[in-house]
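User: I would like a close look at one part of this model, followed by whatever helps to place that part in the rest of the chain. Please keep it plain.

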Amino acid sequence: MKKFGVNDIKVLLMIAGLCLVLLGVYFFYPRKQAGLVSVSVDGQLIGTYDLMVDQTIPIVVNGKETNVLEIAQGQAFMKEADCPDHLCMKQGEISYQGETIVCLPNRVVVQVDTEQESQFDSIAK
């Protein structure tokens, strides 16, 4: 049976160090917090709201209030929904670029956007 040598321990320490660096970057590197949240129903934009203004937004689908979006302390979350599963309410708060809340039964999509549109659609090499 082969025992660990000095070189084996060095390799394991380098791998562990690399993992710690990557975890540190992931958890401590600031993500871009956005300033706007857009609400769409059935693909149609019905409103854009500032995340820095605390407010309650009723979402009306076909003349009936189906969802209530709450914006508080820079985060948006679905406060109420009349759908049977309430999954949109369980998705939690959103505040960073690209995060979404989706209510499939009511066809409601809430998405966080930056205040300025990016000039690039994508970058490929």
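How many residues lie between β4 and β5 in their hairpin, and which residue in the turn has a positive phi?

Analyst: This is a predicted model, and the description below should be read with that in mind.

There are two residues between β4 and β5 in the hairpin, and the turn residue with a positive phi is Q73, at about 55°. The two arms are β4, residues 64-72, and β5, residues 75-81. They pair in the antiparallel sense, over six bridges. Two of the residue pairings can be named. A72 stands opposite Q75 in β5. N67 of the hairpin has A81 in β5 as its bridge partner.

The hairpin belongs to an open sheet of three strands, ordered β3-β4-β5, with antiparallel pairing. β3 (55-61) and β5 are the edge strands; each has a single partner strand, so one side of each has no neighbour in the sheet. On average, neighbouring strands of this sheet are turned by 25° against each other, direction ignored.

A second hairpin can be set beside this one. β6 and β7 form a hairpin with four residues between the strands, and here R107 takes the positive phi, near 60°. β6 covers residues 100-103 and runs antiparallel to β7, joined to it by four bridges. Within that pairing, T100 stands opposite Q111 in β7. β7 is also joined to β1 (residues 36-41), by six bridges and again in the antiparallel sense. In this pairing L36 is opposite D113 of β7.

The side chains of β7, residues 108-113, alternate along the strand. V108, V110 and V112 point to one face and are buried, whereas V109, Q111 and D113 point to the other face and are not buried.

The cysteines deserve a short note for bench work. A disulfide is a covalent bond between the sulfur atoms of two cysteines. The structure holds zero disulfides. For C83, the closest cysteine sulfur is that of C103, at 3.7 Å, which is too far for a bond; the cut-off for a disulfide is a pair of sulfur atoms within 2.5 Å. C83 has a relative accessible area of 3%, so C83 counts as buried. C19, at 43% relative accessibility, counts as partly exposed.

To return to the part you asked about: the β4 and β5 hairpin has two residues between its strands, with Q73 in the turn at a positive phi, and its arm β5 stands at an edge of the three-stranded sheet.

Terms used:
Residues numbered from 1 in each chain as written. Predicted model: local features only at pLDDT ≥ 70, side-chain atom pairs only at ≥ 80, totals over all residues. Heavy atoms only, no water. Pairing = 2+ DSSP bridges. Axes fitted to C-alpha atoms, helices over the stretch in contact; angles between N-to-C directions. Buried < 20%, exposed > 50% of the residue type's maximum accessible area, 1.4 Å probe, protein only.
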